[in-house]
Amino acid sequence: MGIIGWIVLGLLAGAIAKILLPGRDPGGLIGTTLIGIAGAFIGGWLSTKFLHKPISNHFFDAATWGAAIGGSLVLLIVYRILFGNSRD
């Protein structure tokens, strides 16, 4: 899976992370989208590096999606902790 595949996967993973973790984000839709893309890359890297689970080259692989969504959720939580405010 190439860089374009990871970007598309990141967009979808960011949307799924936003659905799983609703609320207002300081960055809005653009920030959440970028967090999803970065989360997909980081989740894939962490899965390969520390869990010794290689990421498949196939777009429709459960482990790849799990790593991307997990990375997006972690980054979204960290982003809310660091840059969130009491706008709710």
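I take a residue as buried when its relative accessible area is under 20% and as exposed when that area is over 50%, with partly exposed in between. I keep in mind throughout that I am reading a predicted model.

**Entry 1: the chain as a whole**

I began by listing the secondary structure of the protein chain, and I found three helices and zero strands, which follow one another along the sequence in the pattern α-α-α. I then looked up burial and noted that buried residues make up 32% of the 88 residues in the protein chain. For the contacts, I took those between residues at least 6 apart in sequence, and of these 76% join residues at least 24 apart.

**Entry 2: helix 1 and its two sides**

I checked the length of helix 1, residues 3-20, against what its 18 residues should span at 1.5 Å a residue: the expectation is 26 Å, and the end C-alpha atoms are 25 Å apart, which agrees. Which residues of helix 1 are buried? I wrote down Gly5, Trp6, Leu9, Gly10, Ala13, Gly14 and Ala17. These buried residues cover an arc of only 165° around the axis, which puts them on the same side of helix 1. I next turned to the face of helix 1 that points away from this buried side, and there I found the exposed residues Ile4 and Ile19. When I asked what covers the buried residues of helix 1, the answer included helix 2 (28-49) and helix 3 (62-83).

I also looked at Val8, a residue that lies in helix 1. Val8 has a relative accessibility of 36% and therefore counts as partly exposed, since that class lies between the limits of 20% and 50%. The C-alpha atom of Val8 is separated by 9.5 Å from that of Ala40, although the two residues are 32 apart along the chain.

**Entry 3: helix 1 against helix 2**

I then took the helices in pairs, since two packed helices are described by the angle between their axes and the distance between the axes. For helix 1 and helix 2, the axes come within 7 Å and cross at roughly 115°, and helix 1 passes helix 2 in a right-handed crossing. The contact is made on one side by Ile3, Trp6, Ile7, Gly10, Leu11, Gly14 and Lys18 of helix 1, and on the other by Thr32, Thr33, Gly36, Ile37, Ala40, Phe41 and Gly44 of helix 2.

I singled out Thr32, which lies in helix 2, and found that Thr32 is buried, with a relative accessible area of 7%. Its C-alpha atom and that of Ala17 are separated by 8.9 Å, and the two residues are 15 apart along the chain.

**Entry 4: helix 1 against helix 3**

How do the axes of helix 1 and helix 3 cross? I noted that they come within 8 Å and cross at roughly 60°, so helix 1 and helix 3 are oblique to each other. Helix 1 passes helix 3 in a right-handed crossing. From helix 1, the residues that meet helix 3 include Trp6, Leu9, Ala13 and Ala17, and among their partners in helix 3 I noted Thr64, Trp65, Ala68 and Leu76.

**Entry 5: helix 2 and helix 3**

I repeated the length check on helix 2, whose 22 residues should span 32 Å and whose end C-alpha atoms are 31 Å apart, which agrees. In helix 2 the buried residues are Gly31, Thr32, Ile35, Gly36, Ile37, Gly39, Ala40, Gly43, Gly44 and Ser47, and what covers them includes helix 1 and helix 3.

For helix 3, the 22 residues should span 32 Å and the end C-alpha atoms are 31 Å apart, which again agrees. I listed Thr64, Trp65, Ala67, Ala68, Ile69, Gly71, Ser72 and Leu76 as the buried residues of helix 3, and these pack against helix 1 and helix 2.

Last, I looked up how helix 2 and helix 3 meet: they pack at an angle of about 120°, with their axes 6 Å apart, and they are therefore oblique to each other. Helix 2 passes helix 3 in a right-handed crossing. The contact is made by residues that include Gly36, Gly39, Gly43 and Gly44 of helix 2 and Ala67, Ala68, Gly71 and Tyr79 of helix 3.

Definitions and conventions: Residues are numbered from 1 along each chain as its sequence is written. This is a predicted model: local features need pLDDT of at least 70, side-chain atom pairs count only at pLDDT 80 or more; totals for chains, interfaces and linings use all residues. Side-chain values use heavy atoms; hydrogens and water are left out. Helices (H or I, at least four residues) and strands (E, at least two) are DSSP runs, numbered from the N terminus. The expected span of a helix is 1.5 Å times one less than its number of residues. Buried means under 20% relative accessible area, exposed over 50%, partly exposed in between (1.4 Å probe, protein chains only). The arc is that of the directions from the helix axis to the C-beta atoms. Contact means heavy atoms within 4.5 Å. Axes are lines fitted to C-alpha atoms, for helices over the stretch in contact, and angles run from 0 to 180 degrees between N-to-C directions. Angles under 35 degrees count as roughly parallel, over 145 as roughly antiparallel, 65 to 115 as roughly perpendicular and the rest as oblique. A crossing is left-handed if the near helix is turned anticlockwise from the far one by less than a right angle, and right-handed if clockwise.
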